Amino acid sequence: MTSSTSPPAIVFTDWDGTVTLQDSNDYLTDNIGFGLAKRSEINDQILIGTQSFRDGFREMLESISTPFPECIDLLLKNVQLDPGFKEFYHWCEAKHIPVIVISSGMKPIIYALLKNLVGEEAIKNIDIISNDVKIDEVSKKWEIVYKDPESPFGHDKANSIKEYLTNHGYNSSNTPLLFYSGDGVSDLSAAKETDLLFAKHGKDLIKYCIRENIPYTEFNSFADILSKITKIIEADGKNIKEFIENK
Ligand SMILES: [Mg+2]
């Protein structure tokens, strides 16, 4: 790939609670699994490091016995899109800026929501790198299939970003500005791979960034991300430091 065909930026983004307002897996666990109290307990263990995200997340999903297609129906009725995402996505499309979803969620859920909330063409334009699901044909039981089962995150998001860049011909001399947006613990490793991390206001990722001293800028919706990325691209990335909130 030559620099003349390189986009001005690449945007990697978490899906649950970032592109969508509700986290699908939390929604299922709270409403048809073991509920919010038990999920919060596990979440705290993940937060202090006594339980891996991978194992805690699996435990939450194992508390759901509803067949997978019914879970998808429930989510289609209850999960909403970030109010600024559609405009952001169309702006990226016009600028030839790739948008790649890097998710700990399960592929069929993300596809169904993306198609329902953004539109059919979004499926073709937005790459999804995520975990998957295995459904037993007879018992209809389902379980999460981790992309990186050996990683304590189940999906090593940092590795997925590196793989994407290598597979698309990017190297140290032709890589454009890289951004990542997220809201949770599994987004932490991804942050280190990009030039700027957008962390959602009021969510866990900010606590981690402060604790681990990882630079971040806040967002409330993708309208904020669009506004900040526009300014950064205009300045060729030279003003990135101005946006960092934990200097
Ligand atoms: Mg999330």
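**Phenylalanine 88**

I started with phenylalanine 88 and asked whether it is buried or exposed. Phenylalanine 88 is buried, because 24 other C-beta atoms lie within 10 Å, and the cut-off for buried is 20 or more. I am working from a predicted model, so I read every value here as computed from that model. Phenylalanine 88 has its place in helix α5, residues 85–94.

Next I looked up what it touches. Setting aside neighbours within four places in sequence, I found phenylalanine 88 in contact with Phe222, Ile225 and Leu226. I checked the spacing for phenylalanine 222. The two residues are 134 apart along the chain, yet their C-alpha atoms are separated by 6.4 Å.

**Whole chain**

I then stepped back to the protein chain. I counted twelve helices and seven strands in it. Does its radius of gyration agree with that of a compact globule, or disagree? It agrees, because a compact globule of 247 residues would have a radius near 18 Å and the protein chain has 18 Å. I noted the span of the C-alpha trace along its principal axes as about 55 × 40 × 30 Å. Of the 247 residues, 35% count as buried. I also looked at contacts between residues at least 6 apart in sequence: 67% of them join residues at least 24 apart.

**Core and parallel strands**

I went to the largest nonpolar core, which has 48 residues. Those with the most contacts inside the core include Phe12, Phe179, Tyr180 and Phe198.

I followed phenylalanine 12 first. Beyond its neighbours within four places in sequence, phenylalanine 12 is in contact with Ile100, Ile102, Ile161, Phe179, Tyr180, Ala190 and Thr194. Which residue is its bridge partner in β5? I found tyrosine 180. Strand β1, residues 9–13, pairs with β5 in the parallel sense over five bridges.

β5 also pairs with strand β6, residues 196–200, again in the parallel sense, over four bridges. Here serine 181 has phenylalanine 198 in β6 as its bridge partner. I checked burial along β5, residues 177–182. Five of its six residues are buried, so the strand is largely enclosed by the rest of the structure.

**Antiparallel hairpin**

I moved on to strand β3, residues 127–135, and strand β4, residues 142–145. They pair in the antiparallel sense over four bridges. Isoleucine 135 stands opposite tryptophan 142 in β4. Six residues lie between the strands of this hairpin, and I noted that lysine 140 takes a positive phi near 65° there.

**Helices α4 and α6**

For packed helices I note the angle between the axes and the distance between them. The axes of helix α4, residues 68–78, and α6 come within 10 Å and cross at roughly 35°. The crossing is right-handed. I listed the residues that meet: Ile72, Leu75 and Leu76 from α4, against Pro108, Ile109, Ala112, Leu113 and Asn116 from α6.

**Glycine 119**

Last, I looked up glycine 119. Where does glycine 119 lie? It lies in the loop between α6 (107–117) and α7 (120–125). Glycine 119 counts as exposed, because it has 12 C-beta neighbours inside 10 Å and the cut-off for exposed is 12 or fewer. I also checked its distance to lysine 86. The two residues are 33 apart in sequence and 9.6 Å apart in space, C-alpha to C-alpha.

Methods. Residues are numbered from 1 along each chain as its sequence is written. This is a predicted model: local features need pLDDT of at least 70, side-chain atom pairs count only at pLDDT 80 or more; totals for chains, interfaces and linings use all residues. A nonpolar core is a set of buried Ala, Val, Leu, Ile, Met, Phe, Trp, Tyr and Cys residues joined through C-beta atoms within 7 Å. Two residues are in contact if their C-beta atoms, placed from the backbone, lie within 7 Å. Helices (H or I, at least four residues) and strands (E, at least two) are DSSP runs, numbered from the N terminus. Two strands pair if DSSP finds at least two bridges between them. The radius of gyration is taken over C-alpha atoms; the globule rule is 2.2 Å times the number of residues to the power 0.38. Axes are lines fitted to C-alpha atoms, for helices over the stretch in contact, and angles run from 0 to 180 degrees between N-to-C directions. A crossing is left-handed if the near helix is turned anticlockwise from the far one by less than a right angle, and right-handed if clockwise.
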